[in-house]
Amino acid sequence: MSRSSSERNSPGGTVEQAKEACLRLLAVRARSRVELARSLTAKGYSPEVSERALDRLTEVGLVDDAAFAEQWVHSRHTFSGRGKQALAQELRRKGVAQSDAASALAGITTDDEETRAAELVRRKMRSLPRDLDHDKAIRRLVGMLARRGYAQPTAYRVVKEALADHGVDSDLIDPID
């Protein structure tokens with residue numbers, strides 16, 4: 001295989017070296033095209049070399065933002081308990097196109113999100129002090145869900161149901177604005 005002189009002399013390395021760098025990153029975990037491009041830029045590869053390497057990896061199916069988004073959403077929702085809002089933000093930071101992100105997020109139904117949020121609340125309730133003020137408990141539980149990217153109405157509804165299941169009169173729970 002013959003390499004052009006511009007490829008051999010490009011700052012940062014050749015297309016083959018750029019592909020190898022990407023493959024090393026992909027061996028650790030799936031990555032978006034933008035993540036890989038940022039990494040190649042940080043390593044000193046020229047934009048042309050990076051683009052050619054990423055195009056080739058995309059061509060053979062090793063870089064696929066739609067598949068990456070699906071995998072990321074499933075993993076982060078299932079194992080980290082992230083809500084749709086947090087997942088959408090994470091995908092934006094990783095450079096995944098809005099259409100790919102929306103398609104992946106559509107895989108999480110409202111029921112899935114509420115079920116996962118309820119699991120998180122039940123687990124958190126076990127660690128709350130028994131003598132904790134009722135309002136503080138609500139704020140902590142709703143806040144925990146909000147930090148994980150759950151919408152406020154979902155967080156409030158799940159907390160209200162969890163407290164009702166534990167014998168707290170749900171009429172005493174005021175909506176959180």
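Select α8 (110-127) and α9 (134-147): each supplies at least two residues of the lining of the largest pocket. Helices here are DSSP runs (H or I, at least four residues), numbered from the N terminus. A pocket is found on a 1 Å grid over the protein atoms alone, as an open set of points where a 1.4 Å probe fits, with protein on both sides within 12 Å along at least five of seven lines. Lining residues have an atom within 4 Å of a point.

This is a predicted model, in which local features need pLDDT of at least 70 and side-chain atom pairs pLDDT 80 or more, while totals for chains, interfaces and linings use all residues. Numbering runs from 1 along each chain as its sequence is written, and side-chain values use heavy atoms, with hydrogens and water left out.

Stay with the largest pocket. About 330 Å³ of space lies in it, a volume being the space filled by probe spheres set on grid points joined across faces, edges and corners. Now show Met-125, Leu-128, Pro-129, Arg-130 and Leu-163, the closest to the pocket centre of the 13 lining residues. Colour the lining by class: eight residues are nonpolar, two polar and three charged. In this scheme Ala, Val, Leu, Ile, Met, Phe, Trp, Tyr, Cys and Pro are nonpolar, Asp, Glu, Lys and Arg charged, and the others, Gly among them, polar.

Next, the salt bridges. The rule is a side-chain nitrogen of Lys or Arg within 4 Å of a carboxyl oxygen of Asp or Glu. The count comes to 10.

Select Lys-94 and Glu-35. Their closest N and O atoms are 2.9 Å apart. Lys-94 sits in the loop between α6 (84-93) and α7 (98-105), and Glu-35 in helix α3 (residues 33-42), so this pair ties together parts 59 residues apart in sequence. Lys-94 is buried (under 20% relative accessible area, 1.4 Å probe, protein chains only), at 14%. Glu-35 is buried too, at 13%. Add Arg-29: Arg-29, Glu-35 and Lys-94 are linked in a network of salt bridges.

Move to Arg-76 and Glu-90. Their salt bridge has its closest N and O atoms 2.8 Å apart. Arg-76 lies in helix α5 (residues 65-80) and Glu-90 in helix α6, so the pair ties together parts 14 residues apart in sequence. Glu-90 is buried, with a relative accessible area of 8%.

Finish at Glu-59 and Arg-56. Their side chains meet in a salt bridge at 2.6 Å, N to O. Both lie in helix α4 (residues 47-59), three residues apart, about one turn of the helix. Glu-59 is exposed, at 62% relative accessible area, where exposed means over 50% and partly exposed lies between the two cut-offs of 20% and 50%. Arg-56 is partly exposed, at 37%.
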